[in-house]
Amino acid sequence: MAKWTAFPHAGDYTFDAASLKKSWTRLHQGDCEPLPKDADVLQAWVLFHNGDFQKAAEAGTKAGGDGITVANKATSMYATYLETKEKAKLDMFMEVAARAEAQQKNDPKNANAWYWQAYALGRYSQGISVAKALAQGLGTKVKNSLEQAIKLSPKHADAHIALAAFHAEVIDKVGSLIGGMTYGAKKDIGLALYKDALKLNPGSAIGMIEYANGLVMLEGDKRMKEATKLYEQAAASKPLDATERLDVEMAKAELED
């Protein structure tokens with residue numbers, strides 16, 4: 001495996017198994033991942049929260065079982081925020097989608113097996129163009145997987161955000177008529193899902209960022225002021241781990257542009 005780019009704020013987060021257990025509920029408010037019973041899986045999560053994404057992915061894959069979830073999250077976060085080569089990024093998303101699909105077969109009631117497949121395919125779709133991805137049938141797969149994740153884990157805030165983004169992206173790219181008739185994308189459902197996500201995880205910087213993007217896609221410039229305010233709130237929030245830090249830094253960078 002090629003060496004991944006290091007997390008730019010290495011050393012800022014220093015969880016160990018004990019401190020991670022104390023912060024687990026707060027850190028996993030978005031994905032509702034249960035605290036692992038297996039010590040090796042917990043250690044993989046320690047690496048993840050400290051920003052050592054490559055080691056977390058390797059440790060999670062090696063541990064297997066629930067460790068696949070940390071491998072998928074670590075790979076997805078790394079590909080989303082730190083991988084600069086487009087082909088490598090797309091390959092990583094497809095690798096996550098394949099691993100998550102295999103995980104669904106072994107553990108069909110694992111909400112995050114469905115969520116990470118959808119997340120990875122959604123990001124892959126953005127990379128190749130949403131219109132192209134819809135033509136390949138990826139949109140339906142993303143929607144179905146996210147609906148399944150929410151059915152299995154109704155408080156899964158991140159799945160609500162991703163499903164809201166599906167509705168927003170589809171309508172933004174193909175319009176509300178085709179979006180609704182062909183893909184079941186609805187503006188009111190999208191907006192409601194964003195709101196639900198922020199009710200479930202009110203402090204989520206990525207939730208605020210995605211809601212801001214969705215507002216502009218679904219409602220246009222008239223919601224720009226509100227969207228900017230959401231970005232400002234995201235930029236001002238206090239990150240508790242490496243991924244939250246990357247979310248906050250992204251919000252700050254967007255506001256500076």
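1. Surface. The protein chain has an accessible surface of about 12200 Å², and carbon and sulfur atoms account for 55% of that area. The model is a predicted one, and the points that follow should be read accordingly.

2. Overall dimensions. The C-alpha trace of the protein chain spans about 50 × 40 × 35 Å along its principal axes. The radius of gyration is 17 Å, which agrees with the value near 18 Å that a compact globule of 257 residues would have. Of the 257 residues in the protein chain, 54% are buried.

3. Secondary structure and contact range. The protein chain contains 13 helices and zero strands, so its order of elements from the N terminus reads α-α-α-α-α-α-α-α-α-α-α-α-α. If contacts are restricted to residues at least 6 apart in sequence, 61% of them join residues at least 24 apart.

4. Salt bridges in total. How many salt bridges does the structure hold? The count is 17. Three separate pairs are taken up in the next points, followed by a network.

5. Aspartate 52 and lysine 55. These two residues form a salt bridge in which the closest N and O atoms are 4.0 Å apart. The cut-off for a salt bridge is 4 Å, a value to keep in mind when reading the distance of 4.0 Å for this pair. Aspartate 52 is partly exposed, its relative accessible area being 30%. Lysine 55 is partly exposed as well, at 48%. Both values fall in the class between 20% and 50%, which is why neither residue is called buried or exposed.

6. Arginine 99 and glutamate 95. Here the salt bridge has its closest N and O atoms 3.0 Å apart. Both residues belong to helix H5 (residues 86-106), where they are four residues apart, about one turn of the helix. Is arginine 99 buried or exposed? With a relative accessible area of 19%, arginine 99 is buried; the class holds because buried means under 20%. Glutamate 95, its partner in the salt bridge, is partly exposed at 35%.

7. Glutamate 169 and lysine 173. This salt bridge has a closest N to O distance of 3.3 Å. The two residues are four apart in helix H9 (residues 157-183), so about one helical turn separates them. Glutamate 169 is buried, with a relative accessible area of 14%, whereas lysine 173 is partly exposed, with 41%.

8. Network. Salt bridges with shared partners join Lys187, Glu219, Lys222, Arg223 and Glu226 into one network. Two of these residues, arginine 223 and glutamate 219, also have a polar contact of 2.8 Å between their side chains.

9. Arginine 223. Where is arginine 223 placed? Arginine 223 sits in the loop between helix H11 (205-219) and helix H12 (224-236). The relative accessible area of arginine 223 is 18%, so this loop residue is buried. Once neighbours within four places in sequence are left aside, the residues in contact with arginine 223 are Tyr211 and Leu215. Arginine 223 thus combines a loop position, a buried state, a polar contact with glutamate 219 and membership of the salt-bridge network.

Notes: Residues are numbered from 1 along each chain as its sequence is written. This is a predicted model: local features need pLDDT of at least 70, side-chain atom pairs count only at pLDDT 80 or more; totals for chains, interfaces and linings use all residues. Side-chain values use heavy atoms; hydrogens and water are left out. Buried means under 20% relative accessible area, exposed over 50%, partly exposed in between (1.4 Å probe, protein chains only). A polar contact is a pair of N or O atoms within 3.5 Å; within protein, one must be able to donate a hydrogen and the other to accept it, and residues adjacent in sequence count only if both atoms are side-chain atoms. Contact means heavy atoms within 4.5 Å. A salt bridge is a side-chain nitrogen of Lys or Arg within 4 Å of a carboxyl oxygen of Asp or Glu. The radius of gyration is taken over C-alpha atoms; the globule rule is 2.2 Å times the number of residues to the power 0.38. Accessible areas come from the Shrake-Rupley method with a 1.4 Å probe; for residues, only the protein chains shown count as cover.
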